[in-house]
Amino acid sequence: MLTSKRLSVRVLSLALLVTAIGLSGCSTTRFNERETLSRADMQFDSVPLQAELESHIYSSREGSAGAFASGGGGGCGCY
Amino acid sequence: MLLKSWLKIGYLLVMIVFASQVKAATPSNAELDDLFAVRGISYQQDDQRGGKGGNPHLREAATIYEGILLYRHRVNDNNAVQGKLVGDKVTAASYDDAKDKAEIVSGATGNNPGRYELQAGWIQQHDNWGWNASIAESREYAYISDSLSLGWNGSFAEQATQLSLQLTMFDDWVRMIRYDGTHGDDDVRRTVTLNMGWVQSLTPESAVQFGWSHTHQEGFLATTFNTVLVESSVGDADVEWFDFERLPDRRRRDALSVRYKQAVADDSWQLGYSYYLDSWDLQGHTLEARYFAHFNQGRMQLEPVYRYYRQQAARYFSTTVAAPRTYQTMDSDLGKFDGHSTGLTASFAAATPGLSHDSWYDIGVQYYNRSDDINFYWFTVGWRYPRQ
C-alpha cells in the first residue's frame, strides 16, 4: 500500500516537472511585460514573516507539514 | 524622405516606451533593502466539549503569545545581513496537569514558560541568481534546536522562470520528561528538509508555482509527555492505565504543491492545492484561496483567506488501545480530521513618526475549526519599515 502511494508521489512529481518544463517552453512573458508580475501582491508569500507564522501554526496542529512554505518539522518541540 | 523621418520618429518613440518599461521591470534586489519588522501574535486554542475535543483524555487548551523582531541591513549592491529574534510565552492545560504530578515538569510552566529563537543570516542577490545562508538556535524548557539553512535561487528566460532550492538541517535535543514526572535519558531528533520551488510566468498577469518539500527525520519523534490510555479487563474487572506514546524513530515526509496567481486590474487572487504523504501513512490535502484587494492607490490592502484541510490518520494512531503496542499514539494531531480556516489581514501604508519613510502596518485575525472539536484563533499586529 505504502509503495503504491510512494509511487504516486513520484509520478505526481514527474508530472509536475514535465508540466513546468512545458510551461516554461511555452511562456511568452518577456522582460518588458513583467510590470504587473513585479507587484508585491503578485509574489507568492510576499510577506515572509506572515507566511512563516501561518506555516508554523498549521504544522503544529496538523499532521502534515510543508504544504506551501518551507519547513517539514524540526526546530520546535511543538510538532 | 518624409517616410524615413516618420520611421525614425516612430522607432525613437518605440524605443523610449520600451526602455521605460524595461527600467520599470529591472530587478532592484529589493529583497536586500534595509528592513525593520516587528510582529506580535496572540494565539488561543480551545478544547471543546469540556476538554473532550481532540484527544478526549488530554486537556488541550493553550494560550501562546509570540513576538518577532526582524532586522535586515543592506551591506552593498548585492549583499545583506539579517537577524531575527522570536520569543514565546506559553500557557498550556496539559502542562498544568503535569505540574500537579511532578515538580520537575512544573519548570515548563512555572519557571520557564517560554521559548526563544535567534537567527542570523546572509543574503547575496545578483540580477539572475542569488544564495542565502543562516544559522539559528531555539530553546525551550525541554527542547533545544540548532539549525543551518542554505538556499539558492535562479531566474531564466528573462525572469519568466524562477527556480529555488532551500536545504535546512535541524539538530535537536529532547529532554525526556514524561507525563508522570519520570525522567529518562535525553534523546536527539535530526531533521533534513529540502524545498524546491518553480515559479513560472504564464502571461503578463498570471503565474504558477510548483513546490516539492521532502523531509527526512530521525531520532526521538514522539512527544515526551504524551500518553496513551490502555483500557483492558482482568477477569470481570475493567482496568485502565496510562502508557507512553511510542512512534518510529524515522519519518519521511513529502509535500507537493501547486499555486496559481492571477492579477485582476489592481487586485489579484491566488488558489493553491497541496498533497502530503509520509512514511507513517498520514495523508493530507490542503486547498487554499486568497484575494488581495487594494484601495487608496495601493496604500491599503485587504487579504481575505480561506483554507480547507483534510487528513487521514497515521497508522499508529488509535482512539482506543486494549493492550500496549510497539508503536502507539492518541495525539489528535495525528488522527483523522478536517479543518476550515478563515481569516482577514488588513495592511495600511502610513507615515512613520520621527522617520522619513512610510511604514506598513498590519493587523489580522484567523480562525481555525477542526472537526474533532479543537478550535483555535490568532491575532497578529505588525509593523514594517520602510514601506517597499
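This report describes the contact between two chains, the aromatic pairs and the salt bridges of a predicted model.

## Chain A and its contact with chain B

Chain A contains two helices and zero strands. Of its 79 residues, 51% count as buried. The accessible surface of chain A comes to about 3,600 Å², and carbon and sulfur atoms account for 61% of that surface.

The two chains meet through many residues: 56 residues of chain A are in contact with 102 residues of chain B. The size of an interface is often given as the accessible area lost when the parts come together. Between chain B and chain A, the buried area is about 6,500 Å², and 57% of it comes from carbon and sulfur atoms. On the side of chain B, the residues that lose the most area to chain A are Glu158(B), Pro204(B) and Arg259(B). Together these three residues give 10% of what that side buries.

## Aromatic rings between the chains

Over all chains, a search of the whole structure finds 13 aromatic pairs. One of them is formed by Tyr58(A) and Trp378(B), whose ring centres are 6.0 Å apart. The planes of these two rings stand at 75 degrees, and the pair is edge-to-face. This pair crosses between chains. Tyr58(A) belongs to helix α2 of chain A, which covers residues 48-61, while Trp378(B) belongs to strand β18 of chain B, which covers residues 374-385.

Both partners are shielded from the surroundings in the sense used for accessible area: Tyr58(A) is buried, at a relative accessible area of 6%, and Trp378(B) is buried as well, at 2%. The two residues also take part in an aromatic cluster, together with Tyr43(B), Tyr368(B) and Phe376(B).

## Aromatic rings within chain B

A further pair joins Phe36(B) and Trp383(B), with ring centres 5.6 Å apart. Their planes lie at 80 degrees, so this pair is edge-to-face. The pair links distant parts of the chain, because Phe36(B) is in strand β1 (residues 35-47) and Trp383(B) is in strand β18, 347 residues apart. Phe36(B) is partly exposed, with a relative accessible area of 30%. Trp383(B) also counts as partly exposed, at 23%.

Rings in chain B also meet charged side chains. The charged end of Arg175(B) sits over the ring of Tyr141(B), at 4.9 Å from the ring centre. In a second case, the charged end of Arg370(B) sits over the ring of Phe337(B), at 4.1 Å from the ring centre.

## Salt bridges across the interface

Side chains of opposite charge can pair when their charged atoms come close. Over all chains, the count comes to 24 salt bridges, and six salt bridges are found across the interface of chain B and chain A. Arg61(A) forms a salt bridge with Asp333(B), and the closest N and O atoms of this pair are 2.3 Å apart.

Salt bridges may also be joined to one another. Glu54(A) is linked with Glu288(B), Arg290(B) and Glu303(B) in a network of salt bridges.

## Salt bridges within chain B

Asp243(B) and Arg246(B) form a salt bridge whose closest N and O atoms are 3.0 Å apart. Asp243(B) counts as buried, at 13% relative accessibility, whereas Arg246(B) counts as partly exposed, at 27%.

The side chains of Asp358(B) and Arg299(B) meet in another salt bridge, at 3.0 Å from N to O. Asp358(B) lies in strand β17 (residues 358-370), and Arg299(B) lies in the loop between β14 (283-295) and β15 (300-312). The pair therefore ties together parts of chain B that are 59 residues apart in sequence. Asp358(B) is partly exposed, with a relative accessible area of 22%, and Arg299(B) counts as partly exposed at 26%.

Arg370(B), whose charged end sits over the ring of Phe337(B), also forms a salt bridge with Asp372(B), at 2.9 Å from N to O. Arg370(B) is buried, with a relative accessible area of 1%. Asp372(B) is buried too, at 14%.

Conventions. Residues numbered from 1 in each chain as written. Chains lettered and ligands numbered in written order. Predicted model: local features only at pLDDT ≥ 70, side-chain atom pairs only at ≥ 80, totals over all residues. Heavy atoms only, no water. Phe/Tyr/Trp six-rings, centres within 6.5 Å; stacked < 30°, edge-to-face > 60°. Helix = DSSP H or I, 4+ residues; strand = E, 2+ residues; numbered from the N terminus. Buried < 20%, exposed > 50% of the residue type's maximum accessible area, 1.4 Å probe, protein only. Lys NZ or Arg CZ within 6 Å of the ring centre and 35° of its normal. Areas by Shrake-Rupley, 256 points an atom, 1.4 Å probe, with all protein chains shown as cover. Contact = heavy atoms within 4.5 Å. Buried area = accessible area lost by both parts, 1.4 Å probe. Salt bridge = Lys/Arg side-chain N within 4 Å of Asp/Glu carboxyl O.
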